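Student: I have a new structure open and would like a walk through it. Where do we start?

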Amino acid sequence: MFRSMPWILAAGLLGFSASAMADAVALRHVRVIDGQGGAPVESATLLIQDGRIAALGSDAGVSIPKGAREIDLSGKSVLPGLISNHSHVGLTDGVVVGPQNYTRANVERQLKQWQRFGVTTVTSLGMNAPAFLSMREAAHEGRMRGADLFGADRGFGVEQGAPPVKVGADQLYRPRTVEQARAFVRDSARRKPDVLKIWVDDFNHTLAAKMKPEIYTAIIDEAHRLGLRVAAHVYYLDDARKLVDAGVDILAHGIRDRDVDAALIQAMKANGTWYIATLDLDEAFYIYAQQPEWMRSAFFRESLQPALSAQFDDAGWRQKILADTNMIEHERTSLATNQRNLKALFDGGVKIGFGTDSGANPLRIPGFAEHHELQLMVAAGLTPMQAIGIATSQAAALLGLDDRGVLAVGKRADLLVVDGDPSKRIEDLQRIDSVWQRGAQVAVPIAP
């Protein structure tokens with residue numbers, strides 16, 4: 001039984017004439033996973049017109065307009081395109097990180113890669129150069145190929161502290177005083193970012209300084225005064241507690257030093273604080289040196305630029321990583337803690353977003369990271385359908401977008417078609433048959 005209203009809606013009710021449907025596409029005999037958590041619906045038809053879903057229902061219940069192109073998707077599943085709430089554009093190219101990478105050509109290359117892997121909307125959460133504004137507009141209007149693009153402008157870091165990366169002077173603020181912090185927020189607000197980003201922690205005691213509470217409190221307060229939300233880079237439970245008390249809107253990474261408690265869960269629920277675990281981040285520090293079986297798959301290898309592929313194949317590079325046993329044990333422990341905390345927060349009713357920090361450094365690979373994140377979420381105890389819901393409808397809700405993230409009449413036809421049934425086996429999401437954005441097929445299949 002289709003549970004959403006009205007799931008079956010004839011094209012004529014939307015005001016389309018038969019002649020106007022000549023460019024319509026009907027995806028027939030497909031399993032529908034709508035992103036809203038309901039059971040998948042078998043033998044369904046999804047009709048696309050003018051970049052949106054024009055009708056959706058059982059094969060028998062949807063009338064196919066004359067002239068519409070029909071595609072038989074028997075044995076396949078369709079779900080909303082994945083949405084990343086935490087990625088970065090223009091920071092990496094190959095194995096190199098630096099401000100020289102923030103070019104339209106490089107950003108478009110990355111957006112096309114996300115799109116090919118079924119991630120149709122991306123949020124670049126900080127360290128964005130001025131060129132971001134025109135690229136975001138072009139992505140929104142479809143003049144730039146690849147995933148749609150949202151973002152956090154420059155972001156707010158710490159002198160002699162986070163983030164410890166090479167970026168241009170116009171890609172990051174590092175306020176020293178409360179007054180300067182508020183002024184920087186006002187400056188950023190002029191560019192109308194989708195959210196603001198602050199780096200609070202010291203990267204597990206590897207940096208000389210952390211952001212002072214009076215600085216991040218001023219940023220949050222000034223941002224809220226101007227109608228902007230704030231996402232925070234965190235690691236420690238104590239910082240998360242203080243940030244939630246200060247009114248932060250999004251914890252942009254998982255808490256990894258200790259298990260969360262009932263008090264934090266209640267505070268996050270009461271404040272409406274979002275949580276993005278970024279599980280893939282910790283594992284990425286060591287997993288590629290260990291050469292798991294999935295690294296030999298075409299799906300993984302097609303996500304790699306040549307320089308990164310060569311690094312992974314370099315025995316010397318792998319031996320250097322594997323020799324750092326303390327690092328590997330620490331990152332494994334961080335991942336396990338992060339997974340426990342994700343499950344506890346989800347079960348506790350906290351709002352969960354989706355992201356991996358993909359694009360922040362070469363080891364966080366656009367497109368592949370998002371698929372691996374979903375598998376780590378399921379390994380943490382979420383069901384495949386819960387993980388899919390977080391990466392689609394919940395991720396859209398975090399961004400305040402009501403035009404995507406679910407399969408329903410009138411929504412954007414940003415779609416991922418896969419072989420198999422990812423509602424039962426999350427790995428089937430890697431069996432990509434096609435990707436659709438704004439109603440057009442935009443990517444060729446990727447071998448699993």
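Tutor: With a term: helices (H or I, at least four residues) and strands (E, at least two) are DSSP runs, numbered from the N terminus. The model is predicted, so local features need pLDDT of at least 70 and side-chain atom pairs count only at pLDDT 80 or more, while totals for chains, interfaces and linings use all residues. Residues are numbered from 1 along each chain as its sequence is written, and side-chain values use heavy atoms, with hydrogens and water left out.

Student: OK. What volume does the largest pocket have?

Tutor: About 510 Å³. On a 1 Å grid over the protein atoms alone, a pocket is an open set of points with protein on both sides within 12 Å along at least five of seven lines, whereas a cavity is a set where a 1.4 Å probe fits but cannot get out; lining residues have an atom within 4 Å of a point. Points are joined across faces, edges and corners, and the volume is the space filled by probe spheres set on them.

Student: Which residues are the closest to the centre of the largest pocket?

Tutor: Phe203, Leu281, Phe285, Asn361 and Arg364, out of 26 that line the largest pocket.

Student: And which element gives the most to that lining?

Tutor: H12, with 3 residues. Strand E11 (196-199), helix H7 (279-284) and helix H12 (325-347) each supply at least two.

Student: How does the lining of the largest pocket split by class?

Tutor: It has 12 nonpolar, 7 polar and 7 charged residues. Here Ala, Val, Leu, Ile, Met, Phe, Trp, Tyr, Cys and Pro count as nonpolar, Asp, Glu, Lys and Arg as charged, and the others, Gly among them, as polar.

Student: What about the second largest pocket, which residues line it?

Tutor: Among them are Gly157, Glu159, Arg174, Arg176, Lys210 and Met211. The second largest pocket has a volume of about 160 Å³, and its lining divides into 5 nonpolar, 1 polar and 5 charged residues.

Student: Now the closed spaces. How many cavities of 30 Å³ or more are there?

Tutor: The structure holds 3. The largest cavity has a volume of about 120 Å³. Of its 15 lining residues, Thr92, Gln305, Leu308, Pro362 and Pro366 are the closest to the centre. Helix H1 (residues 104-116) provides the largest share of this lining, 3 residues. By class, the lining of the largest cavity has 5 nonpolar, 8 polar and 2 charged residues.

Student: Back to E11. Which sheet order does it belong to?

Tutor: The order is E11-E12-E13-E14-E15, an open sheet of 5 strands with parallel pairing. Two strands pair if DSSP finds at least two bridges between them. E11 and strand E15 (351-352) are the edge strands, each pairing on one side only. E11 is joined to strand E12 (residues 230-233) by 4 bridges, and Trp199 has His233 in E12 as its bridge partner.

Student: Anything odd in the backbone?

Tutor: Most residues other than glycine have a negative phi, and most peptide bonds are trans. Ala162 and Pro163 are joined by a cis peptide bond, with omega about -10°. Pro163 sits in the loop between strand E10 (148-151) and helix H3 (178-189).

Student: Which residue in strand E1 has a positive phi?

Tutor: His29, at about 60°, although it is not a glycine. Strand E1 covers residues 25-32.

Student: Is His29 buried or exposed?

Tutor: In between: His29 counts as partly exposed because its relative accessibility is 31%. Buried means under 20% relative accessible area, exposed over 50%, and partly exposed in between (1.4 Å probe, protein chains only). Ser43, in strand E2 (residues 41-49), also has a positive phi, about 50°, and at 43% relative accessibility Ser43 counts as partly exposed.
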